[in-house]
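I opened this entry to keep track of what I looked up in the model. The notes follow the order in which I went through it.

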Amino acid sequence: MKRLFSIALLCCAFAAAAPAYAAIVRQVAPDGTSGSPAIQVHQASREIKVAENTGVVRKSDAPKENATEAEDTKPDVHGGASGDESLYPIAAQCGGCHKQIYDEWSSSQHAYASISPMFHKFEQKFQTLTQGTVGTFCVRCHQQVGTQLGEAREAPLWARSQISREGVTCITCHRVKEEFGKVNGERRVEPGKIYEPVFGSGEKSVIKNVLANKETYSVKTNAQGRGNDIHKGMITNDQITKSEFCVSCHQVAVNLGIKLEIVWDQYRDSPARKAGVTCQDCHMGKVPGQPKGYATSPSAIVGGKEINPGRKHANHRFIGPGYSIAHPGIFPHNTKAQAYSIKDWLQFDWRGGWGTSKFEDKVAGGKLKVKFPERWADSNDREDAREIIDENLKKLDERDVLRRQVMENSSKVDGPYVEGTPKVGEDLAFSYKIKNINTGHNLPSGSLGAQPQLWVNVALVDPDGLNIWESGYVDSNGDMADLHSLDVAAGRIDTDQMLVNLQTKFLTTNVKGTDREMYLPVNFDIDPLPQLRPPSIPTTVLNHPPLVRMENHSLTPLGVKEAKYQVPGNLINKPGKYRLAFRMRSRAEPIYFMRFVGATKVMEESMNERIMNFHDFEVNIDVKG
C-alpha cells in the first residue's frame, strides 16, 4: 500500500473531556491540518459536536458513565465546595505581582491537570471498573485543593471552584510547609488567605522591604485599606528546590502494587542524581530538558516597580512532551476568559470559525444561517471570544515549539547505516541508533502502560517520488499498525512488522495462562472476573503483582537502541536516487486507549492534531542498476 510521508511538523499525566453540555453541530468545515494521510482522512470525515471537546464526568452517587442534565445544575463558579475557598487563593491573585510566572504556568501541564478531558474520562472508567473503590486516589493530585475543600470526586468542571479547576496551581506547591517525601499524592496544602505567608526557596527575598514601604508599592496585607493584596512574607522551604518535592505526584502505584508512574524510581538511580542534577534543573531551567542553568528576571513587579531584577528565575512552564486537547476557551488559563462560564465556552464553536471576520461577514451578509445559543447570539460577543481563542491558541503553539526542543534536547539519532551497496532487486538493509542523552530518567517516561507513545516513522521514496515502503505508519484512526489497530484487525492494512515503538505496555496473564498487552493492569478483557488477588509472596519480592507485569520498551538514561529495517528487493525496481526519510513521533495518548475509556471523536482528533514530530531529516541513497 502506498502512503505519503510528510516531514512537516505535526508530541505525563492523563489528559480531559466528557459528555457535551450543549449540542452544537459545526456549521462551517474547519481548515485542513498537517499530518499523515490517515489522520487527514479522519479529520475530514468528521461531523461532530464542538461542545464534546471539553467536559467532565457527570455527578453521580455511584460510578457511572452517563447522567441527566438535571444532575449538573450547580453554580458554574464556586460551586460544589464545602470548605472556605477564601483560604485557597487562586492563581490570578498571585499573577497580579508575578505576571511572568502566571503566564508561564497558565499553559503548563500542571495548569492542565484538572481540566484535561482525558484525565476525566480515564478516571471515570477506572472508578467504574473498580466499583468506586479507588475513591479520591486520582483527584488528590489532579485537583488537590478541590479535594481538600470537600468537592465531590465526580463533580463536573462547571460545578467546581476556580481553584479546583486550576489543578496544580500556585498554592499547591507554595503553601506546602512540610517535607512529606511520600508518593501517591500524600501531602497537604496549608489553608490561608492571600495575606498569609507563602513557602519558597527564599533566595534573595526582598519581601520585607516591600512590606516596610506599603504606600510606595501600593500594597496591603489585610482586607482594609487601599492597594494590591500581598502576602505578609515568605517562609523558606528548601525542599521546593529538590527532586523529592516532585515525588508525591510523580511516583504512583495502583491496584496491587503495580507502578503507573515511576519517574522517581528512574531518577533516584540515574546519572543525573549522582551528579546533583534535580528535576527542576531540566524542567524549570532556561534550556528545555537540559541542566544549563536558569534565566534571571524580577521576582515580582509590585506597584509598577521591579523587585529583585537579577533574581534566578525558575520557568513555571514545566516543559515536557504533554499537550492540551481541551477547548481553547477553557485552556490555557486566561483571566479574560473567566468572564464567560465553562458552559458558555462549551457552546462556542471555535472550529466553525465563530468570531472570525470571514465567518461573521457571511453571517451578516445572509450567506450563512446559524442558530446560535442565546449566550453567543451577539456577534460582538463572538468576536471578543475569538480574540481570547486566538490568544490561547498562540500560547499552545509556543508550547509546541518548547515541546519539540525538550524532545530533541533529550535524544540523539545517528544514521542511517546502510549495509552493502544498494542495488535494484536486492533487499535494502539499514539501521539507526537512537540514544537517550537525558541523564535523569527513561525516554519516554511519565505515566506508563497506556501512554505516552514515542515511535519511529521511516519511509523510502523512489526516484519518481512514490512512497514504496514505510514503517511507523498509522491507521485511519491514527493508531500504529500493531495488535491494537482496528484496521489491522479488520484486514484493511498490514501489521507493521518492523515497528519501533518505545511505549511501555502492561502485560496480564489471562484465562489460558498466556500474556497479553492490555490498556490497564487488569486482566478483564478475557476473564469473566478480573484476577486481582493479594499475592502469597510480597510484591516487593516479586517486583510486580500476581498475573500483571510491565513490558518496558523505553530507553534508560544514556541508553541506546538500534532500529533495524529491511526493504524487500522486489520494491526496489529501478536505479536512481532514492530518498530515505526519518522522523520520531510523540503523542500523549494512543487512540485505542482513548476509545477504551470512552473519549469523543473530537478528543481523538485533537490528540492527533498536535502529534509532535522531531529529529525529522532525510538522506539520498543511490541505487545501482
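**Entry 1: K220 and its partner.** I looked up K220 first, in what is a predicted model. K220 has a relative accessible area of 12%. The cut-off for buried is under 20%, so K220 counts as buried. Its side chain meets that of D229 in a salt bridge, at 2.5 Å from N to O. D229 has a relative accessible area of 31%, so I noted D229 as partly exposed.

**Entry 2: other salt bridges.** How many salt bridges does a search of the whole structure find? I wrote down 28. As background, side chains of opposite charge can pair when their charged atoms come close.

I picked R382 and E360 next, whose side chains meet in a salt bridge of 2.6 Å, N to O. R382 is in helix 18 and E360 is in helix 17, so this pair ties together parts that are 22 residues apart in sequence. Both ends are inside by my bookkeeping: R382 is buried, and E360 is buried too.

Then I checked R160. Its salt bridge is with E151, and the closest N and O atoms are 2.7 Å apart. Are R160 and E151 buried or exposed? I have R160 down as buried, and E151 likewise.

I also found a network of salt bridges that links D397, D400, R403 and R610.

**Entry 3: a negative patch.** On the surface I looked for charge and noted a negative patch formed by D361, D378, E383, D384 and E387. Which element gives the largest share of the patch? I noted helix 18, residues 379-409, which supplies three residues.

D378 took a separate lookup. It sits in the loop between helix 17 (357-364) and helix 18. Its relative accessibility is 37%. Exposed would need over 50%, so D378 goes down as partly exposed.

**Entry 4: the chain as a whole.** I stepped back for the totals. The chain has 625 residues, and 54% of them count as buried. I counted secondary structure from the assignment: 22 helices and 20 strands. The chain exposes about 26800 Å², and carbon and sulfur atoms supply 51% of that area.

**Entry 5: nonpolar cores.** In soluble globular proteins, nonpolar side chains tend to be buried together. I looked for such groups here. The largest nonpolar core has 59 residues. Which of its residues touch the most other members? My list reads M118, I325, W345, F348, F593, M594 and M607. Apart from this core lies another, of 31 residues, with V456, V458, Y578 and M612 among them.

**Entry 6: cis peptide bonds.** I went through omega angles and wrote down two bonds. The peptide bond that joins F331 and P332 is cis, with omega about 5°. P332 is in the loop between strand 10 (312-313) and helix 16 (342-346). The bond from L443 to P444 is also cis, with omega near -10°. Where does P444 lie? I placed P444 in the loop between strand 12 (428-436) and strand 13 (453-461).

**Entry 7: positive phi.** I then looked at phi in residues other than glycine. N308 has a positive phi, near 50°. N308 belongs to the loop between strand 9 (305-307) and strand 10. At 18% relative accessibility, N308 falls under the 20% cut-off, so I noted N308 as buried.

L558 has a positive phi as well, near 70°. I found L558 in the loop between strand 17 (548-551) and strand 18 (560-567). Its relative accessible area is 41%, so L558 is partly exposed.

**Entry 8: N209 and I307.** The last lookup was N209, in helix 10 (residues 207-212). N209 has a relative accessible area of 41%, so I entered N209 as partly exposed. How many residues separate N209 and I307 in sequence? I have 98 in sequence, with 9.6 Å in space from C-alpha to C-alpha.

Terms used:
Residues are numbered from 1 along each chain as its sequence is written. This is a predicted model: local features need pLDDT of at least 70, side-chain atom pairs count only at pLDDT 80 or more; totals for chains, interfaces and linings use all residues. Side-chain values use heavy atoms; hydrogens and water are left out. Helices (H or I, at least four residues) and strands (E, at least two) are DSSP runs, numbered from the N terminus. Buried means under 20% relative accessible area, exposed over 50%, partly exposed in between (1.4 Å probe, protein chains only). Accessible areas come from the Shrake-Rupley method with a 1.4 Å probe; for residues, only the protein chains shown count as cover. Patches are made of residues with over 30% relative accessible area and no salt bridge: like charges are joined within 9 Å, nonpolar side chains (Val, Leu, Ile, Met, Phe, Trp, Tyr) within 5 Å. A salt bridge is a side-chain nitrogen of Lys or Arg within 4 Å of a carboxyl oxygen of Asp or Glu. Lys and Arg count as positive and Asp and Glu as negative; His and the chain ends are not counted. The place of a charge is taken as NZ of Lys, CZ of Arg, CG of Asp or CD of Glu. A nonpolar core is a set of buried Ala, Val, Leu, Ile, Met, Phe, Trp, Tyr and Cys residues joined through side-chain atoms within 4.5 Å.
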